[in-house]
Amino acid sequence: MRSFSESSPIGKRMSSRFVAGMTLDEALHASDELNRQGMAVTLDALGESVLSEEHARRTGKLYAQMLEAIALRGLNANVSLKLTQMGMDVDPLMAEEVVGELVEQASHIDNFVRLDMEGSGYTEATVAMTERLHAKFGPAGTVMQAYLYRTEQDIERLLGQGIRIRLCKGAYKEPASLAFPDKIDVDGNYVKLAKRCMTSGVFCGMATHDEKIIEELKRFATEKKLPKNAFEFQMLYGVRRDLQRALVKQGWGVRVYVPFGPEWYPYFMRRLAERPANVLFLAKNFFRN
Ligand code: FDA
């Protein structure tokens with residue numbers, strides 16, 4: 001299914017709702033457009049679980065090009081990457097070398113590298129690598145998932161070192177021994193942890209499309225008299241564009257996660273799984289266009 005979808009024109013057309021294009025140029029164009037609408041961007045070259053050193057180093061080079069292109073075009077954008085995309089399953093030391101070069105590059109051009117968070121098998125390694133790269137070069141941060149029980153402690157650990165956090169709910173299937181099985185508990189933990197991040201003095205990203213939660217965080221920020229630039233909201237490309245624009249209009253910081261590239265299938269399937277109504281939505285639009 002994956003190789004058929006990724007190579008078929010129908011698949012590419014379907015994915016275009018959530019993926020900004022197949023090439024870096026298309027993603028830069030989309031970023032420019034979002035910047036014009038008042039939104040910052042984080043660029044993600046889609047891919048995960050690479051199985052060779054050669055592939056991992058090639059991906060590292062692509063990210064180096066992305067950082068260069070952002071600087072050259074003066075875009076308000078940083079980059080997000082996955083450790084398994086940088087060869088974590090092949091050789092963790094090699095992955096750290098590849099990511100370290102990117103964080104070092106970012107430190108010279110006033111940019112930032114976000115280590116996305118994958119399944120729970122990678123949590124500790126991702127947190128620990130972020131700590132080392134942050135201590136060595138500076139501009140590295142990671143993602144915390146509100147569904148994991150351990151996240152509250154991890155957040156204290158990262159904030160204590162001034163490491164920037166993106167807080168999300170979590171997108172992978174995890175066992176009840178590690179993660180809250182019920183959505184209501186995940187949502188409750190999200191709000192609690194978001195408030196902790198927002199008042200920490202460390203610039204953090206609140207990554208959610210949950211309107212109720214966003215309203216609560218806006219109310220909280222206003223009540224605590226937090227400056228509007230003390231944190232930002234983050235959302236995915238193509239998801240709740242109405243809400244993204246409304247937040248900008250109200251003066252809140254918004255960053256859009258802009259994924260691109262031919263390896264879009266697993267990312268796209270996670271977006272459909274999160275909201276099965278998207279299948280119907282995409283099908284309707286497909287036939288309408
Ligand atoms: P939730 O799933 O509770 O949905 C609330 C409402 O949001 C829905 O009712 C709907 O209106 C809207 N919505 C949510 N998803 C939608 C979709 N796909 N299409 C249309 N509407 C949708 N996860 C992870 O494990 N590691 C990571 O590194 C990241 N990184 C990341 C970056 C950014 C910028 C975002 C926004 C999200 C992530 N995620 C992630 C994904 C995250 O964990 C989570 O799976 C999704 O954001 C969906 O959860 P929500 O908080 O949006 O709300």
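Modeller: Before we look at the ligand, take a polar contact to be a pair of N or O atoms within 3.5 Å; within protein, one atom must be able to donate a hydrogen and the other to accept it, and residues adjacent in sequence count only if both atoms are side-chain atoms. This is a predicted model, in which local features need pLDDT of at least 70 and side-chain atom pairs count only at pLDDT 80 or more, while totals for chains, interfaces and linings use all residues. Residues are numbered from 1 along each chain as its sequence is written, and side-chain values use heavy atoms, with hydrogens and water left out.

Biologist: Which ligand atom lies 3.0 Å from a polar backbone atom of alanine 171?

Modeller: That atom is an oxygen of the ligand, whereas a nitrogen atom of the ligand is 2.8 Å from a backbone N or O atom of methionine 117. For arginine 166, an N or O atom in the side chain is 3.2 Å from a nitrogen atom of the ligand.

Biologist: How much of the ligand does the protein bury?

Modeller: Accessible areas come from the Shrake-Rupley method with a 1.4 Å probe, and for residues only the protein chains shown count as cover. Taken alone, the ligand exposes 930 Å², of which the protein buries 86%.

Biologist: At what angle do helix 4 and helix 5 pack?

Modeller: Helices are DSSP runs (H or I, at least four residues), numbered from the N terminus. Axes are lines fitted to C-alpha atoms, for helices over the stretch in contact, and angles run from 0 to 180 degrees between N-to-C directions. Helix 4 (residues 53-73) packs with helix 5 (residues 92-108) at about 10°, their axes being 10 Å apart. Helix 4 is therefore roughly parallel to helix 5, a term for angles under 35 degrees.

Terms used
Helix = DSSP H or I, 4+ residues; strand = E, 2+ residues; numbered from the N terminus. Parallel < 35°, antiparallel > 145°, perpendicular 65-115°, else oblique.
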